Amino acid sequence: MHLIQVDSVQRWMEDLKLMTDCECMCVLQSKPISIEKDEQNELILSSQYSTCDNLQLLLKRAWIISTELTRIAQKLEKNRWQRVHSMTVRVNCHVRSMINESNTFTRSSSEEMHQLEKLLIEKCSEFTAFTERCLQTEDEEMLKSMKSCVNETLTAVAQYFGQLIELVLTHEAQNLLRQIELSGSLYITESAISSLFSLAQEGAHLCRIIAKEGGVVVLFKICRQDCFRCLYPQTLRTLASICCVEEGMHQLEKVDGILCLADILTDDSHSEATHAEAAAVIAQITSPHLTFTQHLSSFLENMEEIVTALVKLCQEASSGEVFLLASAALANITFFDTMACEILLQLNAMKVLLAACSDKRIVDTPYSRDQVVTILANMSVLDQCAPEIIQGNGVQLLMEMLFERSSSGNPAEVAACERVQQKSAVTLARLSRDPEVADAAVKLSCIPRLIKLCRSPTERNNSDSVLVACLAALRRLAVMSPGGLEESDFQQLVKPRLVDSFLLCTNMEESFV
């Protein structure tokens with residue numbers, strides 16, 4: 001009975017779209033019939049919202065319109081005119097609703113915005129009229145000639161829509177930044193920073209808009225005022241989000257952001273939460289995945305005191321989250337500049353990190369272990385590192401990391417576990433230059449574990465990077481302890497060229513005979 005009712009409602013809604021004008025559809029659209037997804041996955045959005053959700057509603061409406069325009073283009077390619085027209089009517093309704101909603105919370109719309117709104121509505125009406133005529137035309141030749149006009153109109157709608165969204169979001173970012181900069185009220189400033197953070201979470205494009213409007217400059221002004229100390233963690237978290245784009249990084253450099261971060265990290269009067277969020281900004285701006293960190297010249301000037309503060313934060317961390325942020329920043333810095341490894345060695349960072357790994361309350365996830373083993377791998381290029389590893393029982397830790405497996409099966413966690421296995425094998429290979437480290441690794445049965453990782457794809461989650469690292473470590477240990485391998489392992493995994501052993505191991509599939 002339920003299915004029959006749903007089908008009837010769907011048929012009624014389909015017919016209604018073709019029988020009513022846009023104004024009626026706008027009224028109906030703001031009163032959704034069901035909160036459940038319908039069978040054709042049509043995108044329905046309630047217009048009921050609270051003030052704090054204005055921006056989220058706009059972004060969701062924009063996503064719906066963008067998705068519908070893409071689907072219209074797909075249906076147009078297949079000449080499915082009835083679907084094209086019904087979807088065009090729906091887009092028309094969404095555009096009008098979006099403009100109405102935008103105008104209710106946009107304080108002072110510019111003339112340019114009003115012009116764009118007018119052009120978009122006109123073009124949407126023209127689009128709907130075009131598709132309606134196509135629906136009523138049966139002449140194939142006529143439809144072909146009209147199709148190019150429909151395509152041009154669709155392109156124009158998409159263009160005006162994109163420009164309007166860009167303008168509205170820019171206007172909203174400007175308003176929020178103005179509130180932060182001019183308001184002396186703690187409550188208003190906190191609310192505006194919270195909204196700005198939500199905006200930054202919507203992706204790189206939004207972060208670019210905020211950065212271009214001076215967001216980084218405004219937020220660092222907050223971080224330099226003692227009266228806003230309680231807002232530092234929230235402000236720094238927002239800065240970390242914005243600095244994922246090049247525009248944010250350039251602004252950070254211009255306002256001496258590195259110096260400000262160094263001051264915060266080295267000031268013991270700040271809370272642990274503030275230190276942790278400052279570490280998160282450091283981790284973001286030194287990420288090895290970014291290609292635009294070369295201009296951070298001021299970072300090198302402050303690197304020693306930043307690294308010192310981060311090691312201290314790792315040592316005193318009261319939770320796994322704080323340790324993760326501090327160790328992630330250190331891990332990235334070791335990629336950023338090789339001098340960082342020497343500073344870490346002087347600060348006895350190896351001892352701090354190895355001690356933290358024995359505390360399951362602090363290093364409690366593969367993500368934390370990934371940061372620790374990254375630091376160890378990068379430090380292991382230094383000859384002085386080997387005695388520290390031996391003294392801190394580091395070889396035992398690296399052996400344990402070769403067994404890292406995901407308990408949840410979550411893709412991100414599985415990837416982290418692969419990185420832990422790979423980097424622990426790389427670290428073993430590098431450290432085994434030292435006979436004492438190699439001897440300790442052999443005694444801890446590292447060789448059998450490395451062989452199993454090479455021969456069993458499931459043990460390494462079919463990861464080629466883990467395989468290459470394990471082959472390299474195995475070959476280094478085999479040189480130091482040739483008696484630790486069976487003849488077949490030596491002939492297949494050590495004696496051939498590395499690429500031949502790699503191909504042999506990657507072809508070790510299960511037999512289905």
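At 8% relative accessibility, L313 counts as buried, and this residue of helix 14, which spans residues 297–316, is a convenient place to enter what is a predicted model. Leaving aside neighbours within four places in sequence, L313 is in contact with E272, H275, A276, A279, V322 and A326. One of these partners, H275, is 38 residues away from L313 in sequence, yet the two C-alpha atoms are 7.6 Å apart in space.

From this residue one can step back to the chain as a whole. The secondary structure of the protein chain comes to 26 helices and 0 strands, and 51% of its 513 residues count as buried. Among contacts in the protein chain with a separation of 6 or more, 72% are accounted for by residues 24 or more positions apart.

The interior can be followed through the largest nonpolar core, which has 157 residues and in which I282 and I285 touch the most other members. Helix 6, residues 140–182, supplies the largest share of this core, with 15 residues. Because domain 1 (49–170) and domain 2 (407–512) both give residues to the core, it lies between them. For I282 itself, the residues touched, not counting those up to four places away in sequence, are L261, L265, F299, I306, L310, A329 and I333.

One of those partners, I333, leads on to helix 15, which covers residues 320–336, and to the contact of that helix with helix 16. Helix 15 and helix 16 (residues 339–346) pack with their axes 6 Å apart and at an angle of about 130°, which means that helix 15 is oblique to helix 16. On the helix 15 side the contact is made by L330, I333 and T334, and on the helix 16 side by A340, C341 and L344.

Two further residues of helix 15 deserve attention, and they fall into separate accessibility classes. N332, placed in helix 15, is buried, with a relative accessible area of 13%; its contacts, leaving aside neighbours within four places in sequence, are A283, T286, S287 and P288. F335, which also lies in helix 15, counts as partly exposed at 45% relative accessibility, and the residues it touches, again not counting those up to four places away in sequence, are P288, T374 and N378. P288 therefore appears in the contact lists of both N332 and F335. The separation between F335 and T286 is 49 residues in sequence but 8.3 Å in space, C-alpha to C-alpha.

Which residues of helix 10 are buried? Y232, P233, Q234, T235, L236, T238, L239, A240, S241 and I242 are, and because these make up 10 of the 11 residues of helix 10 (residues 232–242), the helix is largely enclosed by the rest of the structure. The elements that cover its buried residues include helix 7 (186–200), helix 8 (204–212) and helix 9 (215–222), as well as helix 11 (246–254), helix 12 (257–266) and helix 13 (272–285).

The last part of this walk concerns helix 23 and the loops on either side of it. In the loop between helix 22 (435–443) and helix 23 (446–455) is S445, a residue with a positive phi of about 65° although it is not a glycine. S445 counts as partly exposed, at 37% relative accessibility. In the loop between helix 23 and helix 24 (464–480) is N462, which likewise is not a glycine and has a positive phi of about 60°. With a relative accessible area of 53%, N462 is exposed.

Helix 23 also packs against helix 25 (residues 487–494), at an angle of about 55° and with the two axes 12 Å apart, so helix 23 is oblique to helix 25. The crossing of this pair is left-handed. Where the two helices meet, helix 23 brings I451, C454 and R455, whereas helix 25 brings S488, D489, Q492 and L493.

Notes. Residues are numbered from 1 along each chain as its sequence is written. This is a predicted model: local features need pLDDT of at least 70, side-chain atom pairs count only at pLDDT 80 or more; totals for chains, interfaces and linings use all residues. Side-chain values use heavy atoms; hydrogens and water are left out. A nonpolar core is a set of buried Ala, Val, Leu, Ile, Met, Phe, Trp, Tyr and Cys residues joined through side-chain atoms within 4.5 Å. Buried means under 20% relative accessible area, exposed over 50%, partly exposed in between (1.4 Å probe, protein chains only). Helices (H or I, at least four residues) and strands (E, at least two) are DSSP runs, numbered from the N terminus. Domain bounds come from an automatic or database domain assignment. Contact means heavy atoms within 4.5 Å. Axes are lines fitted to C-alpha atoms, for helices over the stretch in contact, and angles run from 0 to 180 degrees between N-to-C directions. Angles under 35 degrees count as roughly parallel, over 145 as roughly antiparallel, 65 to 115 as roughly perpendicular and the rest as oblique. A crossing is left-handed if the near helix is turned anticlockwise from the far one by less than a right angle, and right-handed if clockwise.
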